[in-house]
Structures are given as structure tokens and as C-alpha cells.
Amino acid sequence: MTLLLTAIAAIIATIVWYSNDKRDTYKLGTLSLIYWGASLMWLMDFVFEYAELKAEYFNQEFADILNDSLLGVAVIAIGLIAWLIILLIKDPKGVFKKKFTK
């Protein structure tokens, strides 16, 4: 479920990045790369866990699915927080620069 959630977030972020004229201003490419990196990490986790458990991997209990879903939501939230921090540091519109240089 974590892989599914992060892949959906990566696809949405990529679509928003591609369709937005201000893609460089808001560093949407960085957000997209954060989510694609997380998706790749969870894909590798799935491959190795499936290699270990085989068909048993798909017989998870509800608690395990819920834990994976919460982890996926947490990964998406942490990705957003990291992107916001990058956006605040880069300050593409110069809002902080204007306030602190007065």
C-alpha cells in the first residue's frame, strides 16, 4: 500500500509539474523527484519482500494494510514538508528577502 500511495503522489506531482507554466518557480520538479525516489525505494522493498514470502505476501491482515497505508501517508507528508523547506530556502518570489532587507 505504501508503494501504491507514493506512486500515485509521484504521478500527480509529475502531472502538476508538467502542466504548470511556473514549474521552475515553485520547484515542482523537486517535489516530483522526491516522490519518484520514494516510489523506487518502495518498489525495491516490494521486490525483495515478495522474493522472500512469495504468494504469502498478498495474504496480509487488515492491521498490516492499515500500517502500510499510514506509512504511505506519512511518507507523502514528509515529502511535502521537505519540498516546502526547499521552497522557503530558495525563496523564488523573494518574499523573505524583501522583508529582511528593509
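**A tour from Met1 to Asp91**

Start at Met1, which sits in the segment before α1. Helices here are DSSP runs of H or I with at least four residues, strands are E runs of at least two, and both are numbered from the N terminus. This is a predicted model, in which local features need pLDDT of at least 70 and side-chain atom pairs pLDDT 80 or more, while totals for chains, interfaces and linings use all residues. Residues are numbered from 1 along each chain as its sequence is written, and side-chain values use heavy atoms, with hydrogens and water left out.

**Stop 1: the nonpolar patch**

Keep Met1 selected. Its relative accessible area is 42%, so Met1 is partly exposed (buried is under 20%, exposed over 50%, partly exposed in between, with a 1.4 Å probe and protein chains only). Now add Leu4, Ile8, Ile12, Val16 and Ile65: with Met1 they form a nonpolar patch on the surface, with about 500 Å² of accessible area together. Patch residues have over 30% relative accessible area and no salt bridge; nonpolar side chains (Val, Leu, Ile, Met, Phe, Trp, Tyr) are joined within 5 Å, like charges within 9 Å. A salt bridge puts a side-chain nitrogen of Lys or Arg within 4 Å of a carboxyl oxygen of Asp or Glu. Areas come from the Shrake-Rupley method with a 1.4 Å probe, and for residues only the protein chains shown count as cover.

Helix α1 gives the largest share of the patch, 4 residues. Pick Leu4 in α1. Leu4 is partly exposed, at 48%. Draw a line to Ala82: the two C-alpha atoms are 20 Å apart, with these positions 78 residues apart along the chain.

**Stop 2: the largest pocket**

Select Met1, Glu49, Tyr57, Gln60 and Asp68. How much space lies in the largest pocket? About 370 Å³. Of its 17 lining residues, those five are the closest to its centre. A pocket is an open set of points on a 1 Å grid over the protein atoms alone, where a 1.4 Å probe fits, with protein on both sides within 12 Å along at least five of seven lines; lining residues have an atom within 4 Å of a point.

Show α1 (2-19), α2 (28-53) and α3 (62-90): each supplies at least two lining residues. The largest share, 5 residues, comes from α2.

**Stop 3: two loops**

Go to Lys54, in the loop between α2 and α3. Its phi is positive, about 55°, although Lys54 is not a glycine. End at Asp91, in the loop between α3 and α4 (95-100). Its phi is near 45°, also positive. Asp91 is buried, at 17% relative accessibility.

How values were computed: Grid points are joined across faces, edges and corners, and a volume is the space filled by probe spheres set on the points.
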